Amino acid sequence: MGTGYNRRSSTRMWGGRFSGDTNDLVQAFGASVEVDKRMALEDIEGSIAHASMLRAQGILTEQECSTICAGLESIREDILAGKFVWDIALEDVHMNIEHELTKRIGSVGGKLHTARSRNDQVATDLRLWLRRTGEEITGEFHQFRSVLVDMAEKHLGVIMPGYTHLQVAQPVLFSHHMMAYYAMFTRDSERLSQALDRMNYSPLGAGALAGTGFEIDRAATAKQLKFEDVALNSMDAVSDRDFVLDFLSCASIVMVHLSRLSEELILWSSQEFGFITLPDSHTTGSSIMPQKKNPDMCELIRGKTGRVCGSLMALLMTMKGLPLTYNKDMQEDKEGVFDAADTIRMSLRIYSTMLVDIQLHPERMRNAAGSAYSNATDLADYLSRKGVPFREAHEIVGRLVAICLEEGIPLESLPLEKMQEISPLVGPEIRECLRLDRVVNARSSLGGTATTEVERQLKLARLQLSRETE
């Protein structure tokens, strides 16, 4: 009995050893061209470099190299124009381009694959793609971080509550809060740059796994493709996907940071908080409740974080059981990394355009910062400066807060004489010490929330951003 699936002949560039046709279902399941055709331009770039090296080494003639490169250039033009027809029967981007090249220039096209394998070819293409894409994402980081600094400068005087355990802790400047995200995304940008440096080594010329018997010049192709150097071990060169894991790790951390920012913006824009109003351009309404304004972009970015982190875990699980060197499982390395790159690039761009139009409600933020006895630590510090051990001062202030809770008044409104009943060291100057602006600006230690320190952070950030564009 048959399988129920049709079998048909196809042009297979590896079919010499096979007498039977590939099952259509197997062919469709094993094909990757719908995913990896995104690397088409990198594949052509790598092929031109390889052909040029073969000519320089005397493996191709000048005419053969010229014919091959002209054919590749014509294919590149068709791909860019959207005219190239991809064939699933040819499995992947590499075979599609090589097959089309041979159709256009004849059998000399088959000489292009001399001294290389799809194994080193795909490893080269993916590094080239990730390098280019990573550089583009670095530009998105720069723009987004600039927006954070702009926000911090624009709203320098705005006070808001700082939280621990999502409970009001101490008052901080809104600008200080934004600069915390600037620090996080600066680390992300640096982490990505380091990952790009680590991946910038050429696998081209490693062959299937063991190198080649042809007298090739791997350093020449590495130089033409602007790699730092060659990957020295041919087995590692074709089986390594650390550079993909590196990128996915960076992408996952970026999305976690964006998700944290998303969660705060969602909370701050709720009626219960009322700290901000998100712009109409980046929010949606309800199909049934006309009063709703939903923070959908924040929620989507928060949601997509799981997908990006999932791609990292998926590839880790794929790689953990693979013997050296190349295995078909490694075809699964691209879909997740392409999606992750698209996701972080779009997410950074969305926030760069959204944050500039967020409306703050400073009075609401200030009132929230002044609630929940957020200046209690300052009273304890005040007593400590008068010689009271901090643990004793902590207990004294705790008793004063308990009195305030009973009477339903803020700490700064408790009569001086009642404070002095608990601690005679409290003097009339305590009113000034507990004032909200004083509380914020008292935290002038390096990196603190005092205005002078936030201004220092802003100045350093501007200098850093300026140097990145030099």
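Thr-353 lies in helix H12. The model examined here is predicted. At a relative accessible area of 39%, Thr-353 is partly exposed, because that class covers values between 20% and 50%. Its side chain turns to the backbone: the distance to the backbone oxygen of Ile-350 is 2.8 Å. Pro-290 stands 63 residues from Thr-353 in sequence. In space, the C-alpha atoms of Thr-353 and Pro-290 are 25 Å apart.

The nonpolar interior was examined next. In soluble globular proteins, nonpolar side chains tend to be buried together. In this model, the largest nonpolar core holds 96 residues. Leu-265 and Tyr-351 touch the most other members of that core. Helix H10, which spans residues 242-268, gives the most to this core, with 13 residues. A second core is separate and has 21 residues. Ala-376, Leu-379, Ala-393 and Leu-400 are among them.

The surroundings of Leu-265 were then listed, leaving aside neighbours within four places in sequence. Leu-265 is in contact with Ile-276 and Cys-298. Contacts of Leu-265 also include Tyr-351, Met-354, Leu-355 and Ile-358. Tyr-351 thus appears twice, as a contact of Leu-265 and as one of the two residues that touch the most other core members.

A charged residue also proved to be buried. Glu-42 is placed in helix H3, residues 40-56. Its relative accessibility is 5%, so Glu-42 counts as buried. The side chain of Glu-42 makes a polar contact with the side chain of Arg-132, at 2.8 Å. Beyond four places in sequence, Glu-42 is in contact with Asp-125, Leu-128, Trp-129 and Arg-132.

Ser-117 gave another buried site. This residue lies in the loop between H5 and helix H6, the latter covering 118-154. With 13% relative accessibility, Ser-117 counts as buried. The side chain of Ser-117 reaches the backbone nitrogen of Asn-119 at 2.9 Å. Setting aside residues up to four places away in sequence, Ser-117 touches Gly-207 and Ala-208.

Backbone geometry was examined in three loops. Glu-91 has a positive phi of about 75 degrees, although Glu-91 is not a glycine. This residue lies in the loop between helix H4 (62-80) and helix H5 (93-105). Its relative accessible area is 15%, so Glu-91 is buried. His-165 also has a positive phi, near 55 degrees, and is a residue other than glycine. The loop that holds His-165 runs between strand E1 (159-164) and strand E2 (167-173). At 76% relative accessibility, His-165 counts as exposed. Glu-91 is therefore buried, whereas His-165 is exposed. The third loop holds a cis peptide bond, from Leu-324 to Thr-325. Its omega is near 10 degrees. Thr-325 is placed between helix H11 (296-319) and helix H12 (333-355).

Open space was considered last. Rolling a probe the size of a water molecule over the atoms shows where empty space is left. The largest pocket has a volume of about 360 Å³. Its lining is made of 15 residues. Ser-269, Ser-270, Gln-271, Lys-293 and Asn-294 lie nearest the centre of this pocket. By residue class, the lining divides into 8 polar, 4 nonpolar and 3 charged residues.

Key: Residues numbered from 1 in each chain as written. Predicted model: local features only at pLDDT ≥ 70, side-chain atom pairs only at ≥ 80, totals over all residues. Heavy atoms only, no water. 1 Å grid on protein atoms, 1.4 Å probe; cavity = no way out; pocket = protein on both sides within 12 Å on 5 of 7 lines; lining within 4 Å. Points joined across faces, edges and corners; volume = space filled by probe spheres on them. Nonpolar A, V, L, I, M, F, W, Y, C, P; charged D, E, K, R; others polar. Core = buried A, V, L, I, M, F, W, Y, C linked by side-chain atoms within 4.5 Å. Buried < 20%, exposed > 50% of the residue type's maximum accessible area, 1.4 Å probe, protein only. Helix = DSSP H or I, 4+ residues; strand = E, 2+ residues; numbered from the N terminus. Contact = heavy atoms within 4.5 Å. Polar contact = N/O pair within 3.5 Å; in protein donor to acceptor, adjacent residues only side chain to side chain.
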